[in-house]
Structures are given as C-alpha cells and as structure tokens.
Amino acid sequence: MLSPGLCASLLAAWCALWPAAVRAASCEPVRIPLCRSMPWNMTKMPNHLHHSTQDNAVLAIEQFEGLLGTACSPDLLFFLCAMYAPICTIDFQHEPIKPCKGVCERAKQGCEPVMKRYNHSWPDSLSCNELPMYDRGVCISPEAIVKAEGPDAYHQDPTRCNPESSPDFPMDSNNFHCRETHAGRCKCSTVKMTFRTYRRNNYNYVIRARVKEVRNRGLEPTAVVEVKKVLKSSLVNIPKEMQTLYYSSSCMCPPLTPEEDHLIMGYETEETSRLLLVDRSIALKWTDKLGKRVERWEQTLRKRVQRVRQ
C-alpha cells in the first residue's frame, strides 16, 4: 500500500501534466464577502454543504453573522469558510479539502453556549463527527496555511495540512494574527487600519488606554490598562478606570507596550462582562489624529444604521 505522502506526490505530478486551462476550470474566485479575508482566494462548488453556487452559499452563511459578532470563537469564521467556500487547489480539485475536526470542535465549544442562550443548537449540517482528524486524513486549520510566492500564493502542500504533523509552518495572515512556532516563538502580523477593516470587524469596544501591565501567567494571559477614553462600547459598561483585557492566545496578539497609550479595538462577552483581545483585535499606538479618524468612522456607521431604520 502506498504511503499518504507518496500518494499525494503522485497526485500532484499527475495533475501537473494537465493543461493549465483544464486545471483552473474547476476552481473559481471566492465571492462570499465573509470569506474574502481568508488566506485563500479560490474555491470550488458544490461545497461541503452541497450548495451548487456561491450565491446559494452566501444566503446560508450570512445567518451566522450575528454569532460571528459575539467573537465566541476565533476559529468560527475559518471553519465556516472552509465549509461554505472550501479551498480549491491544483492538487485537490475533485474533492475540496475539509477543515480538521479539531477546528470544528473548538468553534463549537466556544459558540454553542451562546447559541443555546437563544434556544438554538449547533447545526447538524456542521457536525464535527465526519470531519478528518489530523493524523487520519488531509485537512486544514488556521495554523496550517502556508503563504508562498508566485501565482498560487496559498498553494496547499498536503504534508502541511495538519499543524501537529508540521510544526515548522505557523500561519501569518491578517485574520489569524498569531500562532506559536515549534520553538515557542510567536509572530504577530501587522494590520493596516482602514475604514473597511473597521466596518468588517465590527468591534464591540474601542478605547484609548494606557497599558499598565501585561501578564502571561498560566492559561489565561491578560493585560491591565487604565481607560482614558471610550470611543465605543456595546455590551459591557466600561468606566474610566483600571480594566483587565483577556487574550485568547498565549501568543498575546495584538502586542501591547507597557506605559504607552494605545487605541485598542476588541470584543466583549456580556455573560462574564469581559473585554477580549482575540484574533481580529487591533492595538495601535495612540495619536489624536488616529482617534479622531475612528470617531468619524463610528459616526458614519451610526448614520448608516439610522437611515436603514427610518
């Protein structure tokens, strides 16, 4: 019996012999708005949920926008896009790669309690049971995406699809800010702050705060900050006093510099009244110009909401 690695190599060599037009015919650009920030830009229909077109998939995935806004799991958006707009590569056109079972389980563990508060449960169509485990098949997870050079910038090497079997390749992209390497080092990516980013990420809170202490002890890294100004607050009352921010990763991204003022954008959890720093959170060195820019963006978004309600 051929080993999985040899099978993958033979498949890649076989596909490479196809004419370029034939190889590309099965893949199509990702057009689902929620998934355009993913570290792949080509997908294939039907997807894993049997939607025949991306137009059909859009209608289905949009029902999760409210859940995404709660930041219940940093893995949720990646998992949903891997299901609704699966990555399509030259080597795996006939059967798009599925997300790893562990990614599904992390998303479900974080978000199902939120869904149950509104009398919903994790959908049967997104069951984790049938997804491949990292040591029993090819699958993708946020840690496994490798950015390369050339026209297929996110070409997926099957030997790198499982983070546990390939610890040398941490992911580095705007959506998944921080991953730990095999040597225990972390790398936080730089996010360009634009109105589009601000609108898309839909932050629960935006504050100006002076960082007093960053703590990386145990399983729950935190940062203690002194809130100087609240530009936005959605679920949790944020008084102008010392507050604790809770990281979702031991890599502690975005980074905070003690004794400096930062513009911090993140998410809240109403159930525990916590201010969170998760994968899409942003922390920038404070400037009055930047603060005024964000205030203008927030005013613009509020006016748009008012016009829709009228």
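These legends walk through several close-up views of the predicted model shown above.

Residues are numbered from 1 along each chain as its sequence is written, and side-chain values use heavy atoms, leaving out hydrogens and water. Because the model is predicted, local features need pLDDT of at least 70 and side-chain atom pairs count only at pLDDT 80 or more, while totals for chains, interfaces and linings use all residues.

**Figure 1. The whole chain holds eight helices and 12 strands.** Helices (H or I, at least four residues) and strands (E, at least two) are DSSP runs, numbered from the N terminus. Of the chain's 310 residues, 46% count as buried. Here, buried means under 20% relative accessible area, exposed means over 50%, and partly exposed lies in between (1.4 Å probe, protein chains only). A contact means heavy atoms within 4.5 Å. Take the contacts between residues at least 6 apart in sequence: 64% of them join residues at least 24 apart.

**Figure 2. Helix 5 is enclosed by its surroundings.** Nine of the nine residues of helix 5 are buried, so this helix is largely enclosed by the rest of the structure. You can find them one by one: Leu76, Leu77, Phe78, Phe79, Leu80, Cys81, Ala82, Met83 and Tyr84. What covers these residues? The cover includes helix 3, helix 4 (65–69), strand 3 (98–99), helix 6 and strand 4 (139–140).

**Figure 3. Helix 3 packs against helix 5.** Helix 3 (residues 54–61) and helix 5 (residues 76–84) meet at an angle of about 150°, and their axes are 11 Å apart. That makes helix 3 roughly antiparallel to helix 5. Axes are lines fitted to C-alpha atoms, for helices over the stretch in contact, and angles run from 0 to 180 degrees between N-to-C directions. Angles under 35 degrees count as roughly parallel, over 145 as roughly antiparallel, 65 to 115 as roughly perpendicular and the rest as oblique. The crossing of helix 3 with helix 5 is right-handed; a crossing is left-handed if the near helix is turned anticlockwise from the far one by less than a right angle, and right-handed if clockwise. From helix 3, look for Ala57, Ala60 and Ile61, which meet Leu80, Cys81 and Tyr84 of helix 5. The residues of this contact divide into six nonpolar, no polar and no charged. For this sorting, Ala, Val, Leu, Ile, Met, Phe, Trp, Tyr, Cys and Pro count as nonpolar, Asp, Glu, Lys and Arg as charged, and the others, Gly among them, as polar.

**Figure 4. Helix 5 also packs against helix 6.** The angle between helix 5 and helix 6 (residues 101–117) is about 125°, with the axes 9 Å apart. That makes helix 5 oblique to helix 6, and their crossing is left-handed. Leu76, Phe78 and Phe79 of helix 5 meet Val103, Cys104, Ala107 and Cys111 of helix 6. Here the contact residues divide into seven nonpolar, no polar and no charged.

**Figure 5. Asp261 forms salt bridges with Arg208 and Lys228.** A salt bridge is a side-chain nitrogen of Lys or Arg within 4 Å of a carboxyl oxygen of Asp or Glu, and the structure holds 10 of them. Arg208 and Asp261 meet at 3.0 Å, N to O. Arg208 lies in strand 7 (residues 205–215) and Asp261 in strand 10 (residues 261–269), so the pair ties together parts that are 53 residues apart in sequence. Is Asp261 buried or exposed? Asp261 is buried, with a relative accessible area of 10%, while Arg208 is partly exposed at 23%. The side chains of Lys228 and Asp261 meet at 3.2 Å, N to O. Since Lys228 lies in strand 8 (residues 222–233), this pair ties together parts that are 33 residues apart in sequence. Lys228 is partly exposed, at 34% relative accessibility.

**Figure 6. Arg302 and Glu298 form a salt bridge within helix 8.** Their side chains meet at 3.6 Å, N to O. Arg302 and Glu298 are four residues apart in helix 8 (residues 288–309), which separates them by about one helical turn. An α-helix has 3.6 residues a turn, so residues three or four places apart point the same way. Arg302 counts as partly exposed at 46% relative accessibility, whereas Glu298 counts as buried at 9%.
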